[in-house]
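Trainee: I'm new to this structure and would like a close look at one part of it. Could you pick a sheet, walk me through it slowly, and then carry on to whatever else is worth seeing?

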Amino acid sequence: MNASLLPVLLAANKYRLIDWDLPRLFPGTLDWHSGPVIVLLLLVGSLVAGGMFAKAIRLREYGWKVGLILASILVSTFIVLFGEFKLGVDLKGGVILVYEVNELETAQLHRGRQDWDMGQLIAVITRRLNPTGLKEIVVRPFGPKQVEIVVPEVDPKEIEEIKEKIRTGGVLQFMIVASDERDTELWEIARQQAERPADRLRRDVLDVDGRQVGYWARLAREEGDPRTAPFRALDVVANGYLRDARTGELLELSRSQKQLFASSQSAFEAFLKERGTNNVDVLMVYDPDFAIRGDDLAMAYAGHDEALRPAIHFTMGGEGALKMGHVTQENLHRKLAIIFDGQLLSAPVIQSKISENGQITGNFTQQEVDFIVGILKSGSMPVVMQKNPISENQIGAILGMDTIIKGSWSIAISLLLVLAFTWAYYRFSGFVACCALVLNLLLTLALMILLRAPLTLPGLAGLVLTVGMSVDSNVLIFERMREELARGAALRMAIRNGFDRAMVTIIDSN
């Protein structure tokens with residue numbers, strides 16, 4: 001994008017003549033999904049053309065260098081022309097979301113305590129929404145229990161993704177699935193608790209001393225309709241304990257019924273439909289001395305399982321590895337439940353002791369895996385947020401169109417003056433330097449588009465500053481070359497010495 005066109009484009013954007021999405025300006029000319037294929041063709045074509053050019057001028061060893069330069073120019077130009085420029089809040093505006101802490105659920109999460117840290121909450125939300133620091137998303141306190149999130153120029157899909165990240169607590173837990181062979185005592189405690197109306201829907205199962213000994217995890221469904229999508233870990237029904245998620249009523253199932261439901265999604269769905277519910281909870285064994293949570297993870301990353309399906313791989317930290325090793329060693333051949341925000345994602349059978357490394361599978365899509373990994377990396381929320389924002393407002397450009405256009409003109413004029421001076425003063429060498437500077441800008445803009453980093457007015461000024469710093473380096477090199485030529489050095493040696501002897505000064509000044 002030529003910088004001199006920026007004011008014109010901004011003015012056109014004011015009157016909705018363009019919306020900065022170039023593929024939509026020229027419908028039918030480019031399908032962005034085919035972009036990687038086009039980039040690959042440009043790379044291959046450039047390398048071939050570079051080799052042919054080098055062969056024609058009898059400099060075969062320079063073929064790959066010429067091809068690399070040509071590929072950089074063509075690929076960057078393609079991305080800048082047909083990519084989507086995201087603008088910051090100062091240039092185009094965005095959306096302001098205000099969320100409030102759910103004090104009731106937070107008190108239950110903290111066992112009645114109210115001591116949570118607003119700074120920690122802001123840090124977790126920032127890591128979730130802006131892990132790379134390139135998105136210009138502002139997260140700040142908005143009162144004692146509210147958080148304000150300012151998001152620049154996003155489409156409705158991205159707003160929904162942001163809301164989902166805020167709604168997700170990010171609490172990962174590992175527990176043993178209670179079985180009807182070994183946990184009849186726990187089942188009896190759960191039965192007694194279910195008989196008390198006030199505790200019937202409680203997730204935690206407490207013994208007579210008030211100590212937690214069990215947990216009801218919701219049997220998660222795969223991506224899709226939350227009422228009809230297939231269950232992820234249906235095999236836990238075979239010998240587990242279940243309750244109606246809607247009413248909290250315990251489901252008294254025979255061994256044959258459990259076996260049937262574990263092997264037949266349709267039969268289980270029909271059974272639930274008769275009861276007027278869509279979901280069930282599965283009873284877990286809770287050991288407070290060896291409770292394994294997401295905080296015990298040292299690292300989580302996206303990968304694939306043995307069948308090349310998307311999976312979540314994790315590595316436990318020091319204390320987490322010890323707890324995982326103890327739990328798996330003591331519960332061989334039982335199911336290890338992996339629970340994310342109260343949802344049972346998968347329950348693999350423990351075949352051997354697990355200490356550090358493991359994986360989470362469950363018919364995930366790649367998008368689901370990336371989402372969960374991102375949440376785990378950001379850390380769990382210290383509080384529970386309201387599911388929906390208490391305020392959502394669309395805002396215009398913060399700076400105002402007049403300020404934007406004047407600032408853009410100043411940026412464009414200063415850039416053109418720098419390039420014109422360099423060209424006029426150093427003639428051919430200046431022309432070569434100007435070409436390199438323009439290519440530098442082209443590569444920077446292309447990289448910003450790929451990283452989805454928004455353009456802001458200070459950012460555009462920073463691009464011009466980059467050009468100024470580059471010109472400063474060129475001045476040092478060219479003046480050194482003039483000194484070498486004045487001493488009678490050959491042109492080749494003057495160029496070599498100009499670059500070599502100016503390098504220390506350039507490094508020091510930059």
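Mentor: Start with helix α8, residues 156–167, which lies across β1 (94–100), β3 and β16. The helix runs at about 20° to β1. Keep in mind as we go that this is a predicted model.

Now look at the sheet under discussion. It is an open sheet of four strands, and the order across it is β2-β3-β1-β16, with antiparallel pairing. The edges belong to β2 (138–141) and β16 (391–395); each has a single partner strand, so one side of each is left without a neighbour in the sheet. From one strand to the next, the twist averages 15°. Zoom in on one pair: β2 and β3 (residues 146–152) run antiparallel to one another and are joined over four bridges. If you want a spot to click on, try V138, whose bridge partner in β3 is V150.

There is another open sheet to set beside that one. This one has three strands in the order β11-β12-β15, with antiparallel pairing. Its edge strands are β11 (297–304) and β15 (357–360), and each of them pairs on one side only. The twist here averages 25° from one strand to the next. Follow β11 along β12 (residues 310–316) and you'll count seven bridges, in the antiparallel sense. L297 is a handy marker, as it stands opposite M316 in β12. This sheet has a helix across it too: α13, residues 366–378, lies across β11 and β12, and runs at about 170° to β11.

Next, have a look at β13 and β14. These two form a hairpin with two residues between them. Their pairing is antiparallel, over three bridges, and I339 stands opposite L344 in β14. Strand β14 also pairs with β6 (residues 212–219), this time in the parallel sense and over two bridges. There, R218 stands opposite Q343 in β14.

The turn of that hairpin has a backbone detail to check. D341 sits in the loop between β13 and β14 (343–346), and has a positive phi of about 55° although it is not a glycine. How exposed is D341? At 29% relative accessibility, it counts as partly exposed. A little earlier in the chain, H333 lies in the loop between α12 (318–330) and β13 (336–340). H333 isn't a glycine either, yet has a positive phi of about 70°. Its relative accessible area is 59%, so H333 is exposed, the cut-off being over 50%.

From the surface, let's go inside. In soluble globular proteins, nonpolar side chains tend to be buried together. The largest nonpolar core here has 26 residues, and those with the most contacts inside it are V80, L455 and L460. Two or more residues each come from α4 (63–82), α14 (401–450) and α15. Of these, α14 gives the most, with 11 residues. L455 is a good place to park your view: leaving out residues up to four places away in sequence, it touches F85, K86, L87, G88, D90, L91, L445, M448 and L460. There's also a second, separate core of 25 residues, which includes I176, M324, L345 and V373.

Last stop: helix α16. Its 19 residues, 491–509, should span 27 Å at 1.5 Å a residue, and its end C-alpha atoms are 26 Å apart, which agrees. Even so, you'll find a kink of about 40° in α16, centred on M503. Which residues of α16 are buried? They are A494, N497, G498, A502 and I506. To see how a list like that can come about, recall that an α-helix has 3.6 residues a turn, so residues three or four places apart point the same way. Among what covers the buried residues of α16 is α15 (457–486), and you've already met α15 as one of the elements giving residues to the largest core.

Technical notes. Residues numbered from 1 in each chain as written. Predicted model: local features only at pLDDT ≥ 70, side-chain atom pairs only at ≥ 80, totals over all residues. Heavy atoms only, no water. Expected span 1.5 Å × (residues − 1). Bend = angle between axes of the 7 residues up to and from the residue. Buried < 20%, exposed > 50% of the residue type's maximum accessible area, 1.4 Å probe, protein only. Contact = heavy atoms within 4.5 Å. Core = buried A, V, L, I, M, F, W, Y, C linked by side-chain atoms within 4.5 Å. Pairing = 2+ DSSP bridges. Axes fitted to C-alpha atoms, helices over the stretch in contact; angles between N-to-C directions.
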